[in-house]
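Visitor: I'd like to go through this model and ask how each label is earned. Could you show it to me?

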Amino acid sequence: MTDSKTMKDQKNESNKTSNQRHYRNLSNIDIKRLYTPQDINEIDYDRDLGDPGQYPFTRGVYENMYRGRFWTMRQFAGFGTAKQTNERFKFLIDHGQTGLSVAFHFPTLYGIESCDEKSLGEIGKVGVAIDTLKDMEVLFDGIDLSKISTSMTINGPASILLAMYIVVGEKQGLTPEQLRGTIQNDILKEYIAQKSWIFPPDPSMRLIVDSIEYCTNHVPQWYTISISGYHIREAGSTAVQELAFTLADGFAYVEAAIKRGLDIDDFAHRLSFFFNSHNNFFEEIAKYRAARKIWAKRMKNKYGAKKPESMRLRFHTQTAGVSLTAQESENNIVRVTLQALAGVLGGTQSLHTNSFDEALCLPTEKSVRIALRTQQIIANESGVADTVDPLAGSYYLEWLTNKMEEEAEIYFNKIEKLGGVIPAIKKNFFQIEIANASYKYQKEVDSKERIVVAVNKFQPKSCRNPEILRIDEKVAEDQLNILDEMKKSRNNEAVEKTLLKLNKAAKGDENLMPYIIDAVREYASIGEIIAVLKDVFGIYIEDSIF
Amino acid sequence: MSKERKIKVIVAKPGLDGHDRGAKVIARGLRDAGMEVIYTGIHQSPEDILNSIIQEDPDAVLLSILSGAHNALCPKIMEKLKENNINDILIAVGGIIPEEDKEFLEKQGLKGFHGPGTNIKTIVNFVKNNLKR
């Protein structure tokens, strides 16, 4: 029988590798055969772990964790026009999703208009097309912003999208105090990995501190930055690099806000984090635990935070897009399940589970439903959320948590020696570290030192791709018409006026948020606002290293 | 081409797509395989790519697109090459290119279409075997 022969072949293949394998996790840390009490004999429970909800929060930021309520199930979504994405949002809410997360198309991410020549082919492709407040009104049409929290993945033009959200709230009769959500607003990791920068680092940092200051005073329930390791990891870093570079970025934001004169206990509790969850199960869990511990210690000891709220590292998790395979894409459902479980056992506050077809296209309704159901099954059926931090005390996990912290500290020292995060970016330190790690990883996959099922082992003879979601080319035409009509119907004189005021303010050192809100309210486009700021701030040009 | 000369390759990221992990890994893999590699960086317009080609005179140009903009951008690039009578260079595109788009792109003169999970050796051999000069 062909079937049984195949099974036998595969069994032999597995046995062969297990004898030859090096046991190293994705951060290249050697893993021992066995961990015993000796490996953790230096750990002091109160000092290094603490109960959940207690400093240094290694075991979790809240006392009750998921016994109070489950993590927020927040699927990142956006494609086509605002109307299409609004429909996807409603689909997700109808299926039990508890928070929104907006993906914007490339022109919005870079702050250019859909009618710009550079937008050719990109309109509505990787996210939703937003040009003016009008599009944002349609995006949240029929969704009560006082009842749901919204996360927006936007960085260069972050203040503009935040301004739009505030004005959409206004139009729903809500005050800014009632709005809950997160804006990614993390420009440092854009220079390091994700590349959706616009301005040079210094004016970018000003815009970010402006938004922190503004939200501290007016939008108190808003998370002002989602300090992101996700993209650093996707770009090819190891888990340790993700941990270290992300937290280093966090320290840089804290220092910038303190420099502006803000009190750490007034803003630190509105900073949040965003991590990746990759394939190595325990490594990921250790990473989240180490992150909480490092952050709490720094906030308290270095920056003088007094409120426990300021020391709690809260984070969103997304499963690793880069781990998804185009080959036998259904297997990705299993990968995503394991990665999601690591996020939950690591104590995440919210979670996005990738859809199995994302190495091929944007997800279909079917694949998105399975991804959301994966979270719901973990939450409601597996029992892992019944007790807080169930893996604590594992010799291996506690050893690994400490090891991740130690390795991260080595990076913090290196970054400090380079003069801090921004000087290190200018010297391409992070960029080179990540390029080296991703190349090494690829070589290990190519040489089968690392196995990816159905890619470099157990390859299928033939593979049929699933049905994929395509973005209709008509979307571009529709969006161009929407923008065109808006420019004809708005009060162009008022737009001009607000843009002039913004230009003047940008040349000084006032907080720019109120000026941006005024421009947005008059339906100035993101492209127009960014153009004004580019005139004052200039643009960033990166070195193309590889 | 003469035996002594290294194969010269441009790796380029057209459009607004910033996902350059794959492009960088391939650039480095080709360099390690003994080729001369120029990586343009991200945000290359069709005009930018044409200018790089004129300046560098490569044997192959590998375009990396993961954003779904390939059907709009690739024909523009091919048009520019045609206008400038450039026809002895291998032009390939990879990234996330759906199966059903390949025929259209092939008609435009593009090759390759390598996606996620491709190993470096496959790309090296592909370049070597598909040079036009």
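Guide: Sure, and let's begin with pairing: two strands pair if DSSP finds at least two bridges between them. Keep in mind that this is a predicted model.

Visitor: What makes strands E3 and E4 of chain B a pair?

Guide: Strand E3 (residues 60-65) and strand E4 (residues 90-95) of chain B are joined by 6 bridges. The cut-off is at least two bridges, so they count as paired, and they run parallel. Within that pair, B:Leu62 stands opposite B:Ala92 in E4(B).

Visitor: Which strands does the sheet in chain B hold, and in what order?

Guide: The order is E2-E1-E3-E4-E5 (chain B), an open sheet of 5 strands with parallel pairing. As a general point, strands of a sheet pair through backbone hydrogen bonds, either parallel or antiparallel.

Visitor: Why are E2 and E5 of chain B called edge strands?

Guide: Because E2 and strand E5 (111-112) of chain B each pair on one side only. For E2(B), the partner is strand E1 (residues 8-12) of chain B, joined to E2(B) by 4 bridges in the parallel sense. One of the matches there puts B:Lys8 with B:Glu36.

Visitor: What makes E1(B), H1(B) and E2(B) a right-handed unit?

Guide: The test is to point the strands away from you and follow the path from the first strand over the helix to the second: clockwise counts as right-handed. The β-α-β unit of E1(B), H1(B) and E2(B) is right-handed, so its path runs clockwise in that view. Chain B as a whole reads β-α-β-α-β-α-β-α-β-α from the N terminus, with 5 helices and 5 strands.

Visitor: How do you know that the side chains alternate along strand E2 of chain B?

Guide: Look at where they point in residues 36-39: B:Val37 and B:Tyr39 go to one face and are buried, while B:Glu36 and B:Ile38 go to the other and are not. Buried takes 20 or more other C-beta atoms within 10 Å, so B:Val37 and B:Tyr39 reach that count and B:Glu36 and B:Ile38 do not.

Visitor: Why is A:Thr36 called exposed?

Guide: A:Thr36 has 11 other C-beta atoms within 10 Å. Exposed means 12 or fewer, so the label fits. A:Thr36 is in the loop between helix H1 (2-20) and helix H2 (45-49) of chain A.

Visitor: What makes strand E3 of chain A mostly covered?

Guide: In strand E3 (residues 149-153) of chain A, 4 of its 5 residues are buried. E3(A) also has partners: strand E2 (residues 99-103) of chain A pairs with E3(A) in the parallel sense over 5 bridges, with A:Ala103 opposite A:Thr153. Strand E4 (residues 181-183) of chain A pairs with E3(A) over 3 bridges, also parallel, and A:Met152 stands opposite A:Ile183 there. The chain gets from E3(A) to E4(A) through helix H6 (residues 158-171) of chain A, in a right-handed β-α-β crossover.

Visitor: How do you know that the size of each chain agrees with a compact globule?

Guide: Set the radius of gyration against the globule value. For the 546 residues of chain A, that value is near 24 Å, and chain A has 23 Å, which agrees. For the 133 residues of chain B, it is near 14 Å, and chain B has 13 Å, which agrees too. Buried residues make up 51% of chain A and 47% of chain B.

Visitor: Which residues have the most contacts inside the largest nonpolar core?

Guide: A:Ile516, A:Ile529 and B:Val11, in a core of 183 residues. Helix H10 (residues 239-259) of chain A gives the most to this core, with 12 residues. Leaving aside neighbours within four places in sequence, the contacts of B:Val11 include B:Val37, B:Tyr39 and B:Leu62.

Visitor: How many residues does each chain bring to the contact between them?

Guide: Chain B brings 30 residues and chain A brings 32. On the chain B side, helix H1 (21-32), helix H3 (70-83) and helix H5 (120-129) each supply at least two residues. H1(B) has the largest share, 5 residues. That side divides into 12 nonpolar, 11 polar and 7 charged residues.

Definitions and conventions:
Residues are numbered from 1 along each chain as its sequence is written. Chains are lettered from A and ligands numbered from 1 in the order in which they are written. This is a predicted model: local features need pLDDT of at least 70, side-chain atom pairs count only at pLDDT 80 or more; totals for chains, interfaces and linings use all residues. Two residues are in contact if their C-beta atoms, placed from the backbone, lie within 7 Å. Ala, Val, Leu, Ile, Met, Phe, Trp, Tyr, Cys and Pro count as nonpolar, Asp, Glu, Lys and Arg as charged, and the others, Gly among them, as polar. The radius of gyration is taken over C-alpha atoms; the globule rule is 2.2 Å times the number of residues to the power 0.38. A nonpolar core is a set of buried Ala, Val, Leu, Ile, Met, Phe, Trp, Tyr and Cys residues joined through C-beta atoms within 7 Å.
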